[in-house]
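Welcome, and take a moment to turn the model around before reading on. This short tour begins with one helix and then widens to the rest of the chain.

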Amino acid sequence: MSKYRQLQKIFVDQIEITQYIGLDTSILFYNKLQESIAKPLKMILLYGKPGTGKSILINKIYHDLRDKEDIHIISTPIRNESEFIRTLYRFLVGDANEVPENLTYNQFIDICQSLKDEKHITVLLDEAQLYPSSMMEQIRLISDTRVIKFVVSLHKTEKEDLIAKEHFQSRIWETIELKNGTIHDTQMYIQKKLIQQNYFEIANMFDMGNCKLIHRFTKGNYREINKMMYTLFEIYDYYENHRPSKIAHKTVKKQFIEMAALKLGYIHA
Ligand SMILES: Nc1ncnc2c1ncn2[C@@H]1O[C@H](COP(=O)(O)OP(=O)(O)OP(=O)(O)O)[C@@H](O)[C@H]1O
Ligand SMILES: [Mg+2]
């Protein structure tokens with residue numbers, strides 16, 4: 001595989017906690033979430049636009065805390081009520097115990113109440129915007145028993161912003177909003193992703209000017225940065241095969257970034 005094809009692969013969108021990067025802002029959010037989890041809260045709402053790093057953050061927290069704490073994660077929503085309750089039951093009592101047949105939501109609430117002085121677990125729910133509102137209501141009532149603390153991660157599009165507000169404002173005890181990265185985060189993200197894979201020279205090519213331009217197009221959204229970088233290396237690959245003399249090796253050519261932006265529809269010809 002050519003070098004640029006390999007570089008493209010680094011920016012494929014995926015949740016790989018070994019490749020988590022402690023950016024200035026992500027460390028801030030990480031610490032905030034960790035502090036919230038340590039407090040006696042019932043629910044914590046983690047929200048932010050798609051691509052701001054919610055999933056990677058809760059996966060990282062889960063990975064870091066699971067040896068020390070009773071913490072669990074549901075990455076893909078379980079929208080079947082009984083399946084959801086059974087999963088929580090298993091989290092609560094451990095895999096060794098059989099889940100009672102036909103366990104109902106009311107029975108589960110009773111079980112939680114009976115455990116309220118002995119058990120305290122944390123459950124991370126990713127993609128929570130996909131749970132129907134009836135289930136969100138149940139989740140809230142389960143959290144009222146204080147046996148399960150929920151971290152509810154959901155993405156906020158303009159439309160869902162309203163739903164999130166309606167649903168949580170008065171009820172949630174603490175909210176954390178993830179934001180896009182700054183120009184500095186953008187540069188750190190790009191350089192550290194490349195350095196993780198030992199591409200030191202390529203990382204150095206992304207100077208402040210380049211990163212400012214990439215930030216202008218992507219607004220510092222990590223998913224958009226991934227797309228931009230993927231496309232940029234696709235362009236590099238093309239030039240290497242067709243016009244290698246056009247490739248500068250000291251910094252990234254502004255025109256290449258603009259071509260990627262054009263291809264992705266950030267700008268129009
Ligand atoms: N701190 C970070 N370190 C490494 N990669 C990151 C970091 N923050 C974001 N990313 C990368 O950015 C991309 C988007 O992040 P993620 O999927 O976590 O966003 P999200 O907020 O969960 O989006 P959605 O709302 O669509 O689910 C992923 O590929 C992820 O690996
Ligand atoms: Mg996500």
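Helix H8 has 14 residues, and at 1.5 Å a residue it should span 20 Å; its end C-alpha atoms are 20 Å apart, so the expected and computed spans agree. Keep in mind that this is a predicted model. Within H8, the buried residues are Asp 185, Thr 186, Gln 187, Tyr 189, Ile 190, Lys 193 and Leu 194. What lies over them? The cover for the buried residues of H8 includes helix H1 (3-10), helix H2 (24-38), helix H9 (200-205), helix H10 (208-218) and H11. Just past the end of H8, Asn 198 adopts a positive phi of about 70°.

Now step back to the whole chain. It holds 12 helices and 5 strands, and its C-alpha trace spans about 75 × 40 × 30 Å along the principal axes. Of its 269 residues, 31% are buried. Among contacts between residues at least 6 apart in sequence, 81% join residues at least 24 apart.

The chain is divided into two domains: domain 1 covers 3-11 + 181-263, and domain 2 covers 24-178. Their centres, taken over C-alpha atoms, are separated by 36 Å. Where they meet, 8 residues of domain 1 are in contact with 7 residues of domain 2. On the domain 1 side, the elements giving two or more residues are helix H8 (183-196) and helix H11 (222-242). H11 gives the most to that side, with 3 residues. By class, this side of domain 1 has 1 nonpolar, 4 polar and 3 charged residues.

Next comes the ligand. Which residues are closest to ligand 1? Of the 20 residues that surround ligand 1, the closest are Pro 50, Gly 53, Ser 55, His 155 and Tyr 222. Helix H3 (54-65) and H11 are the elements that give two or more residues to this shell. Both domains take part, since the shell draws at least three residues from each of domain 1 and domain 2.

The table sets two groups of residues side by side by class.

| Group | Nonpolar | Polar | Charged |
|---|---|---|---|
| Side of domain 1 that touches domain 2 | 1 residue | 4 residues | 3 residues |
| Shell around ligand 1 | 7 residues | 10 residues | 3 residues |

What about the interior? In soluble globular proteins, nonpolar side chains tend to be buried together. Here the largest nonpolar core has 30 residues, and those with the most contacts inside it are Leu 46, Leu 125, Ile 148, Phe 150, Val 151 and Val 152. Among the elements that give two or more residues to this core are strand E1 (43-48), strand E3 (121-125) and strand E4 (148-155), as well as helices such as H2 and H3. A second, separate core has 23 residues, including Tyr 189, Cys 211, Phe 217 and Tyr 236. Back in the largest core, Ile 148 is in contact with Leu 88, Cys 112, Ile 121, Val 123, Ile 142 and Ser 143, leaving aside neighbours within four places in sequence.

The last stop is Glu 177, which is found in strand E5 (residues 174-178). Is Glu 177 buried or partly exposed? Glu 177 is partly exposed, because 14 other C-beta atoms lie within 10 Å. Not counting residues up to four places away in sequence, Glu 177 touches Tyr 47 and Gly 48. The C-alpha atoms of Glu 177 and His 155 are separated by 9.8 Å, and these two residues are 22 residues apart along the chain.

Note on methods
Residues numbered from 1 in each chain as written. Chains lettered and ligands numbered in written order. Predicted model: local features only at pLDDT ≥ 70, side-chain atom pairs only at ≥ 80, totals over all residues. Domains from an automatic or database assignment. Contact = placed C-beta atoms within 7 Å. Helix = DSSP H or I, 4+ residues; strand = E, 2+ residues; numbered from the N terminus. Nonpolar A, V, L, I, M, F, W, Y, C, P; charged D, E, K, R; others polar. Near = placed C-beta within 6 Å. Buried ≥ 20, exposed ≤ 12 C-beta atoms within 10 Å, placed from the backbone. Expected span 1.5 Å × (residues − 1). Core = buried A, V, L, I, M, F, W, Y, C linked by C-beta atoms within 7 Å.
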